[in-house]
Amino acid sequence: MASLPKHAAVEQAGLEVAPEQPWLEARTFYESDAKEAVLVSKYSPDPEYAYPKQLPMPPTDTASAPELVTEQKAGRRKRTLLIVGILVALAVILAAVLGGVLGSRAGASTSPGGSQEGSRDGGSDSNAPTTTGAGSTKPSASTSARPQTIRQGSSLSVTGWRNVEGVVEKYLFFQDPQDGLRYTHCKGAKSGNADCWEPPVSFNSFAKPDARLSASILIYGTRHSPQVELFYTGKSSRLLGTNFNEVNVPPIAEDSVNLVEITTGLNTSLSSYWPWTIQQDSGGGLLHVRNRVRGDTFSPASEWDVNRINVTALAGSSLAIVPMSTNMSRIALKGGYGVFYQTADGRLSVSITDLKSPELDPTYPLSWPTDLPLITLPKKAPIAAFSVARGDAEQRVNTYVLYIDSSSNIHMLYTDASGGSPVWYTAQPEALRGVDADSSLTCLTMGTSGQGASGGAILLESGSEDIMSLASSLYDYQYQNGRRYHAYRAGKYLLPNGASEQERLDMTPRRILDIGTGTGVWAIEIANAHPSSRVIGTDLSPIQPAWTPPNASFQVDDATEPWTFQPESFGFIHARTLGGAARGQIEIAEGRANFWCDDGSLGEDSATYKWLSEFRRLSEPLQFDVAPKLGGLLREAGFEDVEFDQRVIPLGPWPREKALKEVGRWFKVQFLEGALEAYTLALFAMAGWSGEEVKTLLEKARGELAEGRMHLYTYA
């Protein structure tokens, strides 16, 4: 086996592989319509462990073991990038840590081996035996003159655990050009060392061409310390499994999941974290396959359950499962996992199953919110994710999600709970730009157990010190004058992102109306994001789901008829995509980034006057006050009958009119407690103001405005 290159600042360490000519012939799918997943009851001779067919020992000598070659032809070379550890913009890669991502980069070029011949049943070549299970009855021949390589665009899957010596071990699975499955094992890796990877091993299992692979780790007692589980789609679109356990003789065998005849959708993605595996049916619906673990310590069983979850994803969507706790006692039960997927309209979404189940533990600690930032992905974009322990008493997790955009750049979505409540943030590390279009991603979440070899539970680990010191570049927010700002593309957005700013932004209306709600997706997302608000959706058709958040409801109503709601009963009204139902129009609401005073109460010798004058001078080049220009921009875009309307928003309850008093009272709280400082600190710092100067000015201005003697107002 060629030695693996050391890590470099630009070209990351990886498994060198030879270029491979992509398949050119047409492929026939095995089944056009996948059956619904059915749990078939079959007797197992061993009620606890079922290994119905055994496979021979894999080749271990280097002469027979298939190897990854480094021969390079014209054109781009293929490379499987190994990037283990939390991603950082500095391109510093750790090889043995608690979370990871692997990217398969494949470029098309000339294969040294010529054309492929022979029939393929379940992806095997003409010399491979036909099998309906996980493996064959004899090892594959590895003495062919043809180099053994990774298949172009191969799926990747990695799993790992910390062994009794305290060292992280990992298995990486991939598919070869003959559709056979292979793995490479890494044992005893130290941080920054990629030389631990052993020569790839073929274990005589064949998957469908371009099948998705999904590996997980089973740790229990001394008999499973550990047992590696690999799931994939085999002949006739069946979910198959192979397990790897050095305690057993032989150590590689078919998994008991093969006794459960589960039919998958064509080209379905898979994702696993013991005891769960997620797959997709032919209609896009997601199902989970769960080992029927037993007792308080969740010992493995030979039986499996298959259940549909209330999620429909884009057909062929990537799937990524993560545990929602550090403890198997929660992972194995309702609410134990979250699955990331792509919706039919291309958005990245996540579902935590059974959150609304009455059987859910009433003390269930939610690790992070399920409302993600709006991220639209290319169709069937690769998605991968991993979790690490947050380190709190509730045993919650921090989660990292990776995905590839339309420009072939890898992005990361991650949770940050440093401010108290967990918040989702995004990052795009420079080191992960420009991967190949058919790259695959896989992430490593360390194994957990209800009972390890020593008898105690094994909890999910938190990031080690070396990881967290590197990962801190993502969390290394910029701090100025006691306020926190984003570090990613610093300076592009001048407002802070700390807890106080989040609280200011979360001052949402108490009652929200969604006109023409349709399926109710928007109303449900808003209700989940803002549990203190009451959301009502109206539509002519009662097609909304029966399960809704407790603060959301739906009504059959015609918005073009006289309203039955009381005037001014909603703080926010939302309507979109009403073409054919109402006249098409757009309404944009934007506050003015400026203040005025008409009665002379704003003295020129006041701190407030000094602040406002400087704010106007500095913000004008940056076009903070964009509202007056919106009408012209809409006309330039082709809109007709554009109307511009602005209403007075007083800063404080100084007007006589009752409605304006109430508006002013709310606006004063929001402005003095958040917006004044948020809009000022970074802006003034750019002009050379020191932190002490800004704070002194703001303190004086805030005191003047709090007294209520100045009658300032703005527009919205």
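Trainee: How do you know whether Asp 598 counts as buried or exposed?

Mentor: In this predicted model, Asp 598 has a relative accessibility of 63%. The cut-off for exposed is over 50%, so Asp 598 counts as exposed.

Trainee: Where does Asp 598 lie, and how far is its C-alpha from that of Tyr 713?

Mentor: Asp 598 is in the loop between β29 and α5. Although 115 residues separate Asp 598 from Tyr 713 in sequence, their C-alpha atoms are 9.1 Å apart in space.

Trainee: What makes Val 167 buried or exposed?

Mentor: The relative accessibility of Val 167 is 12%. Buried means under 20%, so Val 167 is called buried. Val 167 sits in the loop between β4 (157–162) and β5 (168–175). Its C-alpha is 7.4 Å from that of Lys 187, which is 20 residues away along the chain.

Trainee: How do the two cysteines Cys 443 and Cys 597 fare by that rule?

Mentor: Cys 443 comes out at 11%, which is under the 20% limit, so Cys 443 is buried. Cys 597 has 23%; the band between 20% and 50% is called partly exposed, so that is the label for Cys 597.

Trainee: How many disulfides does a search of the whole structure find?

Mentor: The search finds 0 disulfides. To count, a pair of cysteine sulfur atoms would have to be within 2.5 Å.

Trainee: Why are Arg 292 and Asp 305 said to form a salt bridge?

Mentor: Their side chains meet at 2.6 Å, N to O. The rule asks for a nitrogen of Lys or Arg within 4 Å of a carboxyl oxygen of Asp or Glu, so this pair qualifies. Arg 292 is in the loop between β14 (285–291) and β15 (304–312) while Asp 305 is in strand β15, so the bridge ties together parts 13 residues apart in sequence. Arg 292 is partly exposed, at 35%.

Trainee: What makes Asp 354 and Lys 334 another such pair?

Mentor: Their N to O distance is 3.6 Å, again within the 4 Å limit. This pair links distant parts of the chain, 20 residues apart: Asp 354 is in the loop between β18 (348–352) and β19 (383–389), and Lys 334 in the loop between α1 (328–331) and β17 (337–342). Asp 354 has 26% relative accessible area, so it is partly exposed, and Lys 334, with 30%, is partly exposed too.

Trainee: How many salt bridges are there by this rule, and which residues are linked in a network of them?

Mentor: The count is 18. A network links Asp 345, Arg 347 and Glu 525. Within it, the closest N and O atoms of Arg 347 and Asp 345 are 3.1 Å apart.

Trainee: Let's turn to the helices. Why are α7 and α8 called roughly antiparallel?

Mentor: Helix α7 (residues 658–686) and helix α8 (residues 691–707) pack at about 155 degrees, with their axes 11 Å apart. Angles over 145 degrees count as roughly antiparallel, and therefore that name fits α7 and α8. Their crossing is right-handed. Residues making the contact include Phe 671, Leu 676 and Phe 684 of α7 and Val 694, Leu 697 and Leu 705 of α8.

Trainee: And what makes α5 oblique to α7?

Mentor: The axes of helix α5 (residues 607–619) and α7 come within 10 Å and cross at roughly 50 degrees. That angle falls outside the parallel, antiparallel and perpendicular ranges, so α5 is oblique to α7. This crossing is left-handed. Among the residues that meet are Trp 611, Phe 615 and Leu 618 in α5 and Phe 671, Tyr 679 and Leu 683 in α7.

Trainee: Which residues of helix α4 are buried, and what covers them?

Mentor: In α4 (residues 521–529), the buried ones are Trp 522, Ala 523, Ile 524, Ile 526 and Ala 527. Their cover includes strands β26 (511–515), β27 (534–539), β28 (552–556) and β29 (572–575).

Trainee: How many helices and strands does the protein chain have, and what share of its residues is buried?

Mentor: The chain has 8 helices and 31 strands, and buried residues make up 53% of its 716 residues. Of the contacts between residues at least 6 apart in sequence, 64% join residues at least 24 apart.

Conventions: Residues are numbered from 1 along each chain as its sequence is written. This is a predicted model: local features need pLDDT of at least 70, side-chain atom pairs count only at pLDDT 80 or more; totals for chains, interfaces and linings use all residues. Side-chain values use heavy atoms; hydrogens and water are left out. Buried means under 20% relative accessible area, exposed over 50%, partly exposed in between (1.4 Å probe, protein chains only). Helices (H or I, at least four residues) and strands (E, at least two) are DSSP runs, numbered from the N terminus. Axes are lines fitted to C-alpha atoms, for helices over the stretch in contact, and angles run from 0 to 180 degrees between N-to-C directions. Angles under 35 degrees count as roughly parallel, over 145 as roughly antiparallel, 65 to 115 as roughly perpendicular and the rest as oblique. A crossing is left-handed if the near helix is turned anticlockwise from the far one by less than a right angle, and right-handed if clockwise. Contact means heavy atoms within 4.5 Å.
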